[in-house]
Every structure is written in C-alpha cells, then in structure tokens.
Amino acid sequence: MSHTPPVCAPHGDIIQAAVDREEPPQLSQAQLLWIAALLDGLAAQRSGAAEGLRFLVFGVGLDSDVWAAVNCQGRTAFLEDSEEWIGRIRGSHPGLEVHHVTYQGRLSAAQEFFKQPWLMDVPQSVQGACWDAILVDAPRGFRPYHPGCMESAYYAVHTARRCTAAGRAHHVLVFLHDVNRPVESQIVQRIFSGPGIRPLGVIKGQLGDLAAFSIAQAPS
Ligand SMILES: C[S@@+](CC[C@H](N)C(=O)[O-])C[C@H]1O[C@@H](n2cnc3c(N)ncnc32)[C@H](O)[C@@H]1O
C-alpha cells in the first residue's frame, strides 16, 4: 500500500499565525521565513526521496510548533536542557519529539571549550542519526553561568561533517542564532570554519541575528 505524505500548510500562513500570537517566537518573522524557505529549497532538491526532511532543533520555545508544521512530512527533533520548558512545550504541543539533554560547559569557560572541545551526549534515538538541517538556538547564553551555544554548535558541525562524509547527507544546513553576541561570533570563527563550510548569509533580528551555513563533504 502506498503511503501518501501529509500536505503541510503554507509556510507563510504558519509563520504569520505564530508571529500574530500574544507570545510570538523570539526569532523574527523574516528569520522564520528564511529558515522555512531554505528548508523548502532542500526539500525540493530531495524530491523523490522516500521521507521528508530530517530537522534537528536545539531548544524549544515559541517557535517549536512552527518547525513541526513547516516540516510536517519529515522528522523534527528538539533537544532541550530546561525541564521547565520541556514541561511547557509538552503541555501545549504533546505531539512534538522533545528530548532532554544536559550541557557541561559554561559561557564563562568558553575559551577552555574552544581549546579542547568535546562532543556532548545526546539521547540514543538522536545519537548516530543524520540530519538535513540543524537549528542552533539553545542553550541560553547571556549570563556567565549559562551553558552557551558552544556544545550545541560543535555537535551540529561535527554531525554535519560525519553525515556528509558517510554519504548520509549531501549537505547539511546549519542555522546559528545570536551571532551578534561575542561568544557566538567566536563560535562562527572557530567552529564554522574549514573546508566544506559555506556561509549563506545573516538576517538581523531585534532579539539576535541569525546566520546560516551549508556544510558539505570537505574536498579531499
Ligand atoms: C533563545 S531561546 C529559544 C527561542 C526560540 N527559538 C524562539 O524563537 O522562540 C533558548 C532557550 O531559552 C528557553 N526559552 C525558549 N523560549 C523562551 C522565551 N520565549 N523566553 C525565555 N526563554 C525561552 C529554552 O530553554 C530554550 O532552549
């Protein structure tokens, strides 16, 4: 029996409804639309593939249901460290795939991480998986005692490299929010650099600038 994938609502409608809410997402409308358009482009390149896009999102928030709706034919998995936010999102959107993770680093120790990075632990159903797109918008990183996005960004780039090298993804889109902040700007220089990584641009936002990168297999 053939399986007919669900028809996703138009992205513009999904995003307009989200930004019109009393509590809108922190990503701006232009940033949400940009991510959705790049995901669309990726899906169009992959048309004919049996499954939808594989989308990994660091952090839940007021945008979580947007990503599940935009990628309604694929798998969207969320990694979140805050039990409070997990409870909130599971309450409002029980169908979402949300996993708890723990970060070991601290923003105040970001330089130590850059000198000797480590690969964070992820749940078994995520470990070893490959993704077509990864959004890094967590964990929080605006106080010295916050974990900062070093571990999540490093995991995203490492995973993109592993999956492209293994031929399990042609290229991976990675989005990084808050690139206007000092540590995120260092993350761009130190983690989003090297062969195979192509910057796609930056969209400014009132609550943080968003950068996108395409990560393909490094030329040998
Ligand atoms: C930058 S927020 C993620 C925001 C989300 N991408 C959005 O556009 O609404 C990063 C972390 O802060 C927490 N968080 C999520 N939404 C939040 C909000 N509206 N206000 C404060 N903290 C939030 C969660 O623990 C999340 O992992």
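A residue is counted as buried if 20 or more other C-beta atoms lie within 10 Å of its own, and as exposed if 12 or fewer do. In the predicted model examined here, this criterion separates two sides of helix 2. Gln31, Leu32, Ile35, Ala36 and Leu39 of helix 2 are buried. These residues cover an arc of only 130° around the axis, and therefore lie on the same side of helix 2. Gly41, Ala44 and Gln45, on the other side of helix 2, are exposed. The helix comprises residues 29-45, 17 residues in total, and spans 24 Å from its first C-alpha to its last, close to the 24 Å expected at 1.5 Å a residue.

Strand 4 (residues 133-136) is paired with two other strands, strand 1 and strand 5. Strand 1 (residues 54-58) runs parallel to strand 4 and is joined to it by four bridges. Within this pairing, valine 57 has leucine 135 of strand 4 as its bridge partner. Strand 5 is likewise parallel to strand 4, again with four bridges. Here leucine 135 is partnered by phenylalanine 175, and alanine 133 by leucine 173. Leucine 135 thus appears as a bridge partner in the pairing with strand 1 and in that with strand 5. Strand 4 is covered on both faces: Ala133 and Leu135 are buried on one side, and Ile134 and Val136 are buried on the other.

The connection from strand 4 to strand 5 includes helix 6 (residues 150-165), and the three elements form a right-handed β-α-β unit. Proline 139 is located in the loop between strand 4 and helix 6. The peptide bond that leads from alanine 138 to proline 139 is cis, with omega near 5°. Alanine 138 is also among the closest of the 15 residues that surround the ligand; the others listed as closest are Pro25, Gln26, Gly59 and Gly61. The composition of the shell around the ligand is seven nonpolar, four polar and four charged residues.

Strand 5 (residues 171-177) is largely enclosed by the rest of the structure, because six of its seven residues are buried. In addition to its parallel pairing with strand 4, strand 5 pairs with strand 7 (residues 210-216) in the antiparallel sense, over seven bridges. In this antiparallel pair, histidine 171 stands opposite alanine 216 of strand 7.

Aspartate 178 is found in the loop between strand 5 and helix 7 (182-190). Its phi is near 65°, a positive value in a residue other than glycine. Aspartate 178 has 23 other C-beta atoms within 10 Å, and it is therefore classed as buried.

A loop residue of the opposite class, serine 193, is exposed. Serine 193 lies between helix 7 and strand 6 (197-203). It has 12 C-beta neighbours inside 10 Å, and so it meets the limit for an exposed residue, which is 12 or fewer. The C-alpha atoms of serine 193 and valine 157 are 9.5 Å apart, with a separation of 36 residues in sequence.

Definitions and conventions
Residues numbered from 1 in each chain as written. Predicted model: local features only at pLDDT ≥ 70, side-chain atom pairs only at ≥ 80, totals over all residues. Near = placed C-beta within 6 Å. Nonpolar A, V, L, I, M, F, W, Y, C, P; charged D, E, K, R; others polar. Pairing = 2+ DSSP bridges. Right-handed = clockwise from strand over helix to strand, strands pointing away. Expected span 1.5 Å × (residues − 1). Arc of directions from axis to C-beta.
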